[in-house]
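Reader: I am new to this structure and would like a close look at a single part of it, namely the strands of the second domain of chain B. Please take me there step by step, with enough of the surroundings to keep me oriented.

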Amino acid sequence: MSNASPDRDGGARERLQRWLPKLVLSPSCVLVLFFVYGFIAWTSYISFSDSGMMPDYTWVGLHQWSRLWTSWTWGIALHNIWVFGLLYIVSCIVLGLVLAILLDQRIRAEGVLRTIYLYPMALSFIVTGTAWQWFLNPGLGLEKTMHDLGWQSFSFNWLIDSNMAIYTVVIAAVWQATGFVMAMFLAGLRGIDGEMIKAAQIDGAPAWKIYARIIIPQLRPVFMSAVVVLAHLAIKSFDLIVAMTGGGPGNATAVPATFMYSYAFSRNEMGIAAASAVFMLAVIAALIIPYLYSELREPRS
Amino acid sequence: MSFLHINNVHKRFGETHVLKGIDISIEQGDFLVLVGPSGCGKSTLLNMIAGLDSISEGELLLDGRCINDVHPSRRDIAMVFQSYALYPSMTVAGNIGFGLEMRKVPRKERREAVDRVAKLLQIENLLDRKPGQLSGGQRQRVAMGRALVRDPQLFLFDEPLSNLDAKLRVDMRTEIKQLHQRLGTTIVYVTHDQIEAMTLASRIAVMRGGELQQLGTPQAVYDDPNNLFVAGFMGSPSMNLIEARIVERDGVPVAQAIAGDTTLTLPIVRDRQALRDWCDRDVIIGLRPEAITDPASANHREGNIHEAELPVELVEPTGADLYVVTSLGGAHINARMRPGTPLRPGERARFAFDVSRMVVFDPETEGRIRDERTADVGDVLETA
């Protein structure tokens, strides 16, 4: 047996207990610090440097940033992200809310339907993009099927129309995220006091007015969460567009993420790519930080 | 024809039979309290009156009109919920006026009605606030305001005080009673609190397991319970229920209970006719704590006081009263005595039993053993 006094033994164990969590967590802390925050700092520096194909640490000030903002393709990318983001967020919320309200009518097969609506979220964007590309491809999918069925005049060629291609991306993205938004709204609807709805019935409010005046105003936190989640998904959308349109036809469906990728890895303009990446980070941070702040602050009040 | 008439109403949820034929009628201006333990079906019955639950069988008449299939908003009723169910996105004024707004009452009239009710409930200064900014008692008032503003034929209250703290509950209880007296409205009120039921009601309906146990005035339900359940449920501290035996002495039945090493014999005053048939059989006798007291406090004028000496087991002073515990028929019983009665545990003391208040139950059926209905106990069980 050890001769160490119980006092000293206990002290050592106590010290180990105090340090163990820190020891266990520190490697991942170091890794995150280096690979996430370290590379954010590095990318930010690169955006102020003369980097082209390879990193070049010569400081050029705002040169790359001014090139970014005068770039024609960046303009298209920004326009597209606006159109895409707005349509995506609004459609997901409207469809998600409608589906949630319909599912909330105590229907029999709710569990099955809920799972069906939620499944697209389980797919990766690459799979969604590829599937929708096949489906909307005039030579393979919907249009060809309709022609084969005998509807020769049917035409749906948005995927290859540079004015309409961005909307096909919206369709695929909405298909994927609506179920998730529905689940959020459904959870919100289930949290509403049933007595309140009874009270409104006795007050003589028809069903649509109960929703418009009493239930939906109470879902405001869900709307907030949905907008923030969808907005950052929209800005991050890269794989879906790469899989579906590759940013084309031409630059018609370019978004900041695909812009950044092509400038960094195919056009050898690492500086501009870094500037666009930092810009995207700033926009997402502007959305997420206030949201997290308000969410994490809530329990205290 | 009574004002609200509940005629043989049943409720079934699938296989479960929740309400098994309820018959209640009340007059205009009555304050009916449905009371019973949780799961007795009282809230279901209230929801059926409101139209929020369908009626499986039976008939519901309000002011002579069958309202079985009338939509809640067209029944001319208003309801106050346990959770208050205020609309959180609207102001207090918006909450109170919502029902009028849905009925397309013009804005000006609506405003006047809201102001009138707010004044009645003393919440004028809260009209622009949101429910989230109100205290429990204030929310309760707003919920009542929302019901009052429409001036309906019938008010329904679903355990409205159970979310308030004890002090506030007593205050609000008084206010509800005052409001009822001032406005003369007809109210159906659900609670599991028998004190609330006693203090508020003009008629009490005691329910258990989906069946009506007794319907009557609070005093009738208290003094003349139909069965062991009503006797034990109403009153706090509850009625003493003592195992006893009926025997014949000098041609009249008396009750005998074991008190330690002796036997206590109590003469029978009430229901003597019915109890003649129970000689040499076991029964349960019920005596309220206030019917067992010290000889000095007892009301000797009626000549129904029977004194006996029993051991004191425990003394519980409450300030207003002194509860003395002794044992009788193998159970602890509570006697209510004057505060300051000099008693110590272990002593023997004289107890005065007011046998005119004694009720006797059949231990098998748990029903009351009583004479044919006489005029003074009238009002006991009303079947339509």
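Author:
**From the whole model to the strands of chain B**

Chain A has an average pLDDT of 86, and 95% of its residues score at least 70. The model is a predicted one, and the confidence can also be followed element by element in chain A, where helix H6 (residues 142–148) of chain A has the lowest mean pLDDT, 85, and helix H3 (residues 72–103) of chain A the highest, 92.

Before turning to the strands, it helps to place the two chains and their domains. The domain assignment of chain A gives domain 1 (1–46) and domain 2 (63–300), and the C-alpha centres of these two domains of chain A lie 40 Å apart. Where they meet, four residues of domain 1 of chain A are in contact with six residues of domain 2 of chain A, and the domain 1 side of that contact has two nonpolar, two polar and no charged residues.

The contact between the chains takes 13 residues from chain A and 17 residues from chain B. On the side of chain A, the elements that give two or more residues are helix H8 (194–202) and helix H9 (207–218) of chain A, and H8(A) gives the most, with six residues. By class, the residues on this side of chain A divide into six nonpolar, three polar and four charged.

Chain B is assigned domain 1 (4–233) and domain 2 (240–370), with C-alpha centres that lie 38 Å apart. Their contact takes eight residues from domain 1 of chain B and nine residues from domain 2 of chain B. On the domain 1 side, the largest share, four residues, comes from helix H8 (residues 228–233) of chain B, and that side as a whole has four nonpolar, three polar and one charged residues.

Now to the strands themselves, beginning with strand S14 (residues 281–287) of chain B. Five of the seven residues of S14(B) are buried, so this strand is largely enclosed by the rest of the structure. S14(B) pairs in the antiparallel sense with strand S11 (residues 240–249) of chain B over seven bridges, and within this pairing Ala244(B) stands opposite Val283(B) in S14(B). S14(B) is also joined by three bridges to strand S21 (residues 359–361) of chain B, again running antiparallel, and here Gly286(B) stands opposite Val359(B) in S21(B).

A further group of strands forms an open sheet of three in the order S15-S20-S16 (chain B), with antiparallel pairing. Strand S15 (292–293) and strand S16 (305–311) of chain B stand at its edges with a single partner strand each, so one side of each is left without a neighbour in the sheet. The pairing of S16(B) with strand S20 (residues 348–354) of chain B is antiparallel and runs over seven bridges, among whose residues Pro311(B) has Arg348(B) in S20(B) as its bridge partner.

Another open sheet of three strands has the order S17-S18-S19 (chain B), and its pairing is antiparallel. At the edges stand strand S17 (314–317) and strand S19 (331–337) of chain B, and because each has a single partner strand, one side of each is left without a neighbour in the sheet. From one strand to the next the twist averages 30°. S17(B) is joined by four bridges to strand S18 (residues 322–328) of chain B, the two running antiparallel, and Val315(B) has Val324(B) in S18(B) as its bridge partner.

One residue of strand S13 (residues 262–267) of chain B, Pro267(B), deserves a separate word. Leaving out residues up to four places away in sequence, Pro267(B) touches Val254(B), His306(B) and Val355(B). Pro267(B) counts as partly exposed because it has 16 C-beta neighbours inside 10 Å. Its C-alpha atom is separated by 55 Å from that of Ser135(B), 132 residues apart along the chain.

A last residue, Arg103(B), is found in the loop between helix H2 (92–102) and helix H3 (107–120) of chain B. Arg103(B) is partly exposed, with 13 other C-beta atoms within 10 Å. Between the C-alpha atoms of Arg103(B) and Pro339(B), which are 236 residues apart along the chain, the separation is 58 Å.

Terms used. Residues are numbered from 1 along each chain as its sequence is written. Chains are lettered from A and ligands numbered from 1 in the order in which they are written. This is a predicted model: local features need pLDDT of at least 70, side-chain atom pairs count only at pLDDT 80 or more; totals for chains, interfaces and linings use all residues. A residue is buried if 20 or more other C-beta atoms lie within 10 Å of its own, exposed if 12 or fewer, and partly exposed in between; C-beta atoms are placed from the backbone. Two strands pair if DSSP finds at least two bridges between them. Axes are lines fitted to C-alpha atoms, for helices over the stretch in contact, and angles run from 0 to 180 degrees between N-to-C directions. Two residues are in contact if their C-beta atoms, placed from the backbone, lie within 7 Å. Ala, Val, Leu, Ile, Met, Phe, Trp, Tyr, Cys and Pro count as nonpolar, Asp, Glu, Lys and Arg as charged, and the others, Gly among them, as polar. Domain bounds come from an automatic or database domain assignment. pLDDT is the predictor's confidence in each residue, from 0 to 100.
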